[in-house]
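This briefing concerns the structure shown below. Please read it with the model at hand.

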Amino acid sequence: MEARRDLFLLNCDTYNDYLDTFITENDIRFVRNIGQVRRFVTLGYRSTGDIYTPQQFKDRQALAREVLWPQKRSWILYSQFKLSKDPFLRALAAREKPNAQKIISTIIFLQTQTKPGFQVSSYIDYSDRLRQSNLELSNCDNWRGIFRGKVMLKPRRTDLSFYDEHNSNSSYTDSDNYVVVNDVKHGLMFMHKGDHKMICVDTSHKEYKENCIRTVVFSKVYGYTALYDHVVRKKS
């Protein structure tokens, strides 16, 4: 899991402690100003990966704490409160509980349009978005509002795959459930971390076709969407 990589955050009492893990003695010797060195870290000069913001640090620390000391909590099923008649939201509602129970793992393809008319799309790890809301992490989705039809579900740059037509910008981010794979032959794929099965966006490839069921759902609100349902293989 991605959260396991962040277990070291539990040794950091503050955000500055986290930044200090990227600093060496040579950095202090040459710059001689710990505040300036920390600013260099936040700008990405001391790491090849992304540096967490203060809020991301708190969120990832909370996830790491959940990995080591899971709290007994009831998973909230947001669709049980009030559900819109929108066919896309009803399709998500039907998949909410089996995703929560890790019986299936659903990837959502969603495409929206900005006010200037540019397309923004992403492939969303559904259960990961639900879990973030259950843990009440910052910037999590308002699933009650989404299922009621009062709030729109939108693509995010932190989704498995994100594309912004305005600047032709695309990004790929692994989730706690999937590793993103860009294959020359098969195109965009996602490997489930639990059973290592490959989910291929182009379901015409026969060798991966059995790994998921692709369902296209049309909604007057969301347009054409696609749901990739993967039945999670349990370890014997």
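The points below proceed from the whole chain to a pair of helices and then to two individual residues.

The model is predicted. The protein has 9 helices and 9 strands, and its C-alpha atoms fill a box of roughly 60 × 45 × 40 Å along the principal axes.

**Overall architecture**

- Of the 236 residues in the protein, 43% are buried.
- Among contacts with a separation of 6 or more, 53% join residues that are 24 or more positions apart.

**Packing of H6 against H7**

- Helix H6 spans residues 87-100 and helix H7 spans residues 126-134; their axes come within 10 Å and cross at roughly 75 degrees.
- Because angles of 65 to 115 degrees count as roughly perpendicular, H6 is described as roughly perpendicular to H7.
- On the H6 side, the contact is made by Leu92, Ala93, Arg95, Glu96 and Asn99. On the H7 side, Tyr126, Ser127 and Leu130 take part.
- Sorted by class, the residues in this contact comprise 4 nonpolar, 2 polar and 2 charged.

**Helix H6**

- The 14 residues of H6 should span 20 Å at 1.5 Å a residue, and the end C-alpha atoms are indeed 20 Å apart, so the expected and modelled values agree.
- A bend of about 30 degrees occurs in H6 at alanine 94, with proline 98 following within four residues.
- Phe88, Leu89, Ala91, Leu92, Ala93, Arg95, Glu96, Pro98 and Asn99 are the buried residues of H6. The list thus includes Pro98, the proline that follows the bend.
- The elements covering these buried positions include strand E1 (104-113), H7, helix H8 (143-148), strand E8 (213-219) and strand E9 (223-231).

**Helix H7**

- H7 is mostly covered, with 9 of its 9 residues buried. These are Tyr126, Ser127, Asp128, Arg129, Leu130, Arg131, Gln132, Ser133 and Asn134.
- The cover over the buried residues of H7 includes helix H5 (54-68), H6, E1, strand E2 (119-125) and H8.
- Just after H7, glutamate 136 adopts a positive phi of about 55 degrees.

**Aspartate 128, in H7**

- Aspartate 128 belongs to helix H7. Its relative accessible area is 11%, and because buried means under 20%, aspartate 128 is classed as buried.
- With neighbours within four places in sequence left aside, aspartate 128 is in contact with Ser175, Asp176 and Asn177.
- Threonine 106 is 22 residues from aspartate 128 along the chain, and their C-alpha atoms are separated by 9.6 Å.

**Isoleucine 108, in E1**

- Isoleucine 108 is located in strand E1, an element that is listed among the cover of the buried residues of H6 and of H7.
- This residue has 0% relative accessibility and therefore counts as buried.
- Excluding neighbours within four places in sequence, the contacts of isoleucine 108 are Phe88, Leu92, Ser122, Tyr123, Ile124, Tyr126, Leu153, Ala226 and Leu227.
- Among these partners, Leu92 and Tyr126 also take part in the contact of H6 with H7.
- Arginine 65, in contrast, lies 28 Å from isoleucine 108, C-alpha to C-alpha, at a sequence distance of 43 residues.

Terms used. Residues numbered from 1 in each chain as written. Predicted model: local features only at pLDDT ≥ 70, side-chain atom pairs only at ≥ 80, totals over all residues. Heavy atoms only, no water. Axes fitted to C-alpha atoms, helices over the stretch in contact; angles between N-to-C directions. Helix = DSSP H or I, 4+ residues; strand = E, 2+ residues; numbered from the N terminus. Parallel < 35°, antiparallel > 145°, perpendicular 65-115°, else oblique. Contact = heavy atoms within 4.5 Å. Nonpolar A, V, L, I, M, F, W, Y, C, P; charged D, E, K, R; others polar. Expected span 1.5 Å × (residues − 1). Bend = angle between axes of the 7 residues up to and from the residue. Buried < 20%, exposed > 50% of the residue type's maximum accessible area, 1.4 Å probe, protein only.
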